[in-house]
Amino acid sequence: MQFIDLKTQYAALRESIAARMQRVLDHGQYIMGPEVAELEAQLAAYTGAKHCITVSSGTEALLIALMALDIREGDEVITTPFTFAATAEMIVLAGAKPVFVDIEPDTCNIDARLIEAAITPRTKALMPVSLYGQVADMAEINAIAAKHGLAVIEDAAQSFGATYQGRRSCNLSTFGATSFFPSKPLGCYGDGGALFTSDDRLAQAAREIRVHGQSKRYTHTRLGVGGRMDTLQCAVVLAKLERFDWEIERRLQLGARYGEWLAESGVQLLAVRPDRDCVWAQYTVLLPDGTRDRVQELLKAEGVPTAVHYPIPLHHQPAYAHLCCPDCCPNSQALARRVMSLPMSADLSEADQERVARALTQALAQVQAATPA
């Protein structure tokens, strides 16, 4: 069993992917070829955002957004410590300081109720993360940002295709930034990502920044990076878009089915708020504290792969520990010991999914039976 089944997906799209890639090989425009503009137009239409700017990775998308907003040394950006390191990493590389706010104990997303207390005169932006495929509470976050004159960057690396109050992730704030890393809901066959905005000025800034700050060839109007998405990777994503709606529907169905099968298992399921959905970039559950290592061992013995997203919150990581006291985000600290992700992809069969659910239920019961009261 695959944790993420990319092979079956490729088999279904083999001819389309081959045709798309062959077209690139035939015209030979490997950088900024016509597939780049074609993909940007399709992705903008999909999200409803006015502009899409493809970039070399989801990580680079965050950095370019920060640079376009002129985030610099001395500024602060509020975010969550319960995320992949790239979120805080790009804030630091932009010269600013990440300010960590704790997460909701039932969704693992940033707790919007705690944001306002963290705002200072140096705060310039908020960077919520749409973790595991579910958008954070963007209405409340945007309201706080508007009150204080702040920009909002949605780190939507895991939530492309998700909806929130009838709108698509990546079209909910000043900037939306997503990733096309192969394991993401919409992935390429290498690194890739995209930025979304409906602000013309910010879109132009982002386009210039991704090509070394050029407003035209060899005219550098601002500081930039080499942040373009390869034409071949755009071709792959274009092919994958052909069945993306089906894949999202499958993810929603599989998430609901996991919930049904695991309801009586003893694991805590993540809450999905009624005004949004979750595309389950990872199907993550919360195990009783102290059981995860043994449960993972038992599942591995049964041929069921698992993963942990994420075992150490950023405020406990050596590179970022100086930014926050060890106990500043107790929910993040506690949930990092309990989260475990199960196999999830659109091509996961019902038989394999049922096998996973049964194995997890049995493993947890075995571990708890062996634990002294």
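In this predicted model, helix α10 turns a face carrying the exposed residues D293, K300 and A301 away from its buried side. The helix runs over residues 292-301, and its buried residues are R292, V295, Q296, L298 and L299. These five sit on the same side of α10, because the arc they cover around the axis is only 165°. The general geometry of helices helps here: an α-helix has 3.6 residues a turn, so residues three or four places apart point the same way. As for what the buried side of α10 touches, its buried residues pack against α11 (330-336), β14 (339-342) and α12 (350-370). Just after α10 comes G303, which takes a positive phi of about 80°.

Charge pairs are the other thing to look at. Side chains of opposite charge can pair when their charged atoms come close. The structure holds 19 salt bridges, and a few of them are worth walking through.

Start with R210 and E40, whose side chains meet in a salt bridge with an N to O distance of 2.8 Å. This pair links distant parts of the chain, with R210 in helix α7 (residues 200-210) and E40 in helix α2 (residues 34-47), 170 residues apart. Both R210 and E40 are buried.

Next up is D75, which forms a salt bridge with K124; here the closest N and O atoms are 3.5 Å apart. Again distant parts of the chain are linked: D75 belongs to the loop between α3 (58-68) and β2 (76-79), while K124 is in strand β4 (residues 123-127), 49 residues away. D75 counts as buried because its relative accessible area is 10%, under the 20% cut-off. K124 has 35% relative accessibility, so K124 counts as partly exposed.

A third salt bridge brings together the side chains of R273 and E104, at 3.4 Å from N to O. R273 lies in the loop between β12 (268-269) and β13 (283-286), and E104 lies in the loop between β3 (97-100) and α5 (115-118), so this pair ties together parts that are 169 residues apart in sequence. E104 is buried, its relative accessible area being 11%, whereas R273 is partly exposed at 22%. The story of R273 and E104 doesn't end with that one contact: salt bridges that share partners join E104, D106 and R273 into one network.

How values were computed:
Residues numbered from 1 in each chain as written. Predicted model: local features only at pLDDT ≥ 70, side-chain atom pairs only at ≥ 80, totals over all residues. Heavy atoms only, no water. Salt bridge = Lys/Arg side-chain N within 4 Å of Asp/Glu carboxyl O. Helix = DSSP H or I, 4+ residues; strand = E, 2+ residues; numbered from the N terminus. Buried < 20%, exposed > 50% of the residue type's maximum accessible area, 1.4 Å probe, protein only. Arc of directions from axis to C-beta. Contact = heavy atoms within 4.5 Å.
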